[in-house]
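Subject: Structure handover

Hi,

Here is the structure I promised to pass on. Please load it first, then read my notes below.

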Amino acid sequence: MRTENQRAWFFVLPVLALVAFNALVPMMTVVNYSVQETFGNNQFFWEGLGWFEQILRSDRFQAALGRQFLFTALILMIEVPLGIIVALSMPRKGIWVPVCLVLMALPMLIPWNVVGSMWNIFTLPKIGLLGYFLNDVLGINYDMTQQPISAWITVIVMDVWHWTSLVVLLCYAGLVSIPDAYYQAAKIDGASNWSVFRYIQLPKMKTVLTIAILLRFMDSFNIYTEPFVLTGGGPGNSTTLLSIDLVKIALGQFDLGPAAAMSLIYFAITLLVSWVFYTLMTKDDAE
Amino acid sequence: MRKRSLIPILYIAFLMLPIYWLVAMSFKTTNEILSGFSLFPQTFTLDNYITIFTDPTWYWGYINSIIYVTINTVLSVCVALPAAYAFSRYRFLGDKQLFFWLLTNRMAPAAVFALPFFQLYSSIHLFDTYLAVALAHTLFNVPLAVWILEGFMRGIPKELDETAYVDGYSFPRFFVKIFLPNIKAGVGVAAFFCFMFSWVEMLLAKTLTAVEAKPIAAVMTRTASSAGYELGLLAAAGTLTIIPGAIVIWFVRNYIARGFAMGRV
């Protein structure tokens, strides 16, 4: 059991100072901009909650938010089951384990803009391996820069390629912590594969799966660089996810007020959903 | 058993395909790339790599990235160690709230912070320095390092601390001589994650630099837009960015699964 000790605060101080500097100052800047209007020359006028109302009502924001939720839901629905399946079929012992782990983790260590460029090169019609294969071998008309559907599929497959391994590694960590005795007992009882999964493996993976879903939710909701490099948000606005739209408004059009209001709404949504996952997770920890 | 190992093999093949294509492209000449499809490089060339290793703007991109990533990793792990110890050993006023607040910074979209960070670091004259990027990346790396280290430290029984005090160890000596060696794996994993997220993050790194500390990503985007579209060169630059990650991952391969679970298995 942890002991009560208020002096523990001193241990936390360096972290607190660093993160407060990095988080509070920029956050206050955003809050400041979000309630003001500017015409340049550092002149600001009080705007109240006008920007928030404008953003929440705008079709552009709602469309981007809708795309964002669709994207996050789709990648979670693909990555979580796929990750569990791969983790279940991985070897538990032997020389292949480190090889598998290193190869699987490799996509996660590639800089995000390189991931985008890589998939761009991979999917180019005529030149890229996938683009050539789909167009010239299978005869499917596929061009990411022209067809919204192709662009969406490419962005989704890219994210599955990039991040499914996170789910695999987390589930695998849960699986190897199950003692052999559990499996032996199940064998003696004549349990089917399904009941071994349902009553032994799944409960053991519960905590790590929650972490996986939490991390995947946060990161996919904040995704920017990969789809931006791959599609630039296009064709049209079809793959303009929230972050891409936000950067367009803030750094492209320099509309500081609306961008700041949008940032806060965006952050609030991420925070709310993450908080739900986090409480679920810490409840498990306490048990 | 044979059928079961098919799934990981297929999955890894799927992961390797785009990487293979990137590497294959990097050994092709621009002419070959544009003239049509070829599965293997027909006229094998090292020109793309030679360009990168002889042009200072290119290779300085890599050096810059590695410098700020290293500063960030050292800084993040050093401040996270005492904090993680406090969270794993003591209860104090507001500990749960503080822990969650730290994690919220891991959740913040980098796009939200891009502009305010630019203004903040410009105003304290750190814009376009290694320190600016390293500090900015602590925003999401410190919470992560605290989280991972706390998970690993919780696995160390409290009796270890108590025995050390009975034996007359002072706190700093106990921490360095006894506690740290016990969570070596955790420190390695935390450092690995800090390295990883700082290495792959590009939006903030690009926003906070102009010339002096420009990361490799910024050099790559400039090439993509200005010098026509030199795919071979871009592929070679991309291939080189994979190597540092592959090296560090080899060192933590035995802990990586547990590390991704934040020591909570």
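P148(A) contacts P235(A), G236(A) and S238(A), once neighbours within four places in sequence are set aside. P148(A) belongs to helix 7 of chain A, which covers residues 148–176. Is P148(A) buried or exposed? Neither label fits: P148(A) is partly exposed, because 15 other C-beta atoms lie within 10 Å, and the buried class needs 20 or more while the exposed class takes 12 or fewer. For a sense of distance, take Y278(A). P148(A) and Y278(A) are 130 residues apart in sequence. Their C-alpha atoms are 35 Å apart in space.

Keep in mind throughout that this is a predicted model.

**Chain B overall**

Chain B has 265 residues, and 47% of them are buried. It holds 14 helices and one strand. Its C-alpha trace spans about 75 × 60 × 30 Å along the principal axes. Look at contacts in chain B between residues at least 6 apart in sequence: 79% of these join residues at least 24 apart.

**Domains of chain B**

Chain B splits into domain 1, residues 1–45, and domain 2, residues 56–260. The C-alpha centres of the two domains of chain B are 31 Å apart. Where they touch, domain 1 of chain B supplies eight residues and domain 2 of chain B supplies seven. Which elements give two or more residues to the domain 1 side of that contact? They are helix 1 (2–26) and helix 2 (30–35) of chain B. Helix 1 of chain B gives the most to this side, with four residues. By class, the residues on the domain 1 side are four nonpolar, three polar and one charged.

**The interface between the chains**

How many residues does each chain bring to the contact? Chain B brings 81 and chain A brings 78. On the side of chain B that touches chain A, helix 1 of chain B gives the most, with 13 residues. That side of chain B has 63 nonpolar, 11 polar and seven charged residues.

Three details of the interface follow.

First, a helix pair. Helix 1 of chain A (residues 8–34) and helix 6 of chain B (residues 110–123) have axes that come within 9 Å. The axes cross at roughly 105 degrees. Helix 1 of chain A and helix 6 of chain B are therefore roughly perpendicular to each other, since that class runs from 65 to 115 degrees. From helix 1 of chain A, the residues in this contact are V25(A), P26(A), T29(A) and V30(A). They meet V112(B), F113(B), P116(B), F117(B), Q119(B) and L120(B) in helix 6 of chain B. The class count for this helix contact is eight nonpolar, two polar and no charged residues.

Second, a residue in that helix of chain A. L18(A) sits in helix 1 of chain A. Leaving out residues up to four places away in sequence, L18(A) touches V79(B), T138(B) and V142(B). L18(A) has 19 other C-beta atoms within 10 Å, so it is partly exposed. The buried class starts at 20.

Third, a strand pair. Strand 1 of chain A (residues 3–4) and strand 1 of chain B (residues 90–91) are joined by two bridges. The two strands run parallel. E4(A) stands opposite R91(B), which is in strand 1 of chain B.

**Backbone points to check**

Which residues of the loop after helix 6 of chain B have positive phi? H125(B) and D128(B) do, and neither is glycine.

- H125(B): phi is near 55 degrees. The residue is in the loop between helix 6 and helix 7 (130–154) of chain B. With 9 other C-beta atoms within 10 Å, H125(B) is exposed.
- D128(B): phi is near 65 degrees. D128(B) is also in the loop between helix 6 and helix 7 of chain B. It has 16 other C-beta atoms within 10 Å, so D128(B) is partly exposed.

Best wishes

Key. Residues numbered from 1 in each chain as written. Chains lettered and ligands numbered in written order. Predicted model: local features only at pLDDT ≥ 70, side-chain atom pairs only at ≥ 80, totals over all residues. Domains from an automatic or database assignment. Contact = placed C-beta atoms within 7 Å. Nonpolar A, V, L, I, M, F, W, Y, C, P; charged D, E, K, R; others polar. Axes fitted to C-alpha atoms, helices over the stretch in contact; angles between N-to-C directions. Parallel < 35°, antiparallel > 145°, perpendicular 65-115°, else oblique. Pairing = 2+ DSSP bridges.
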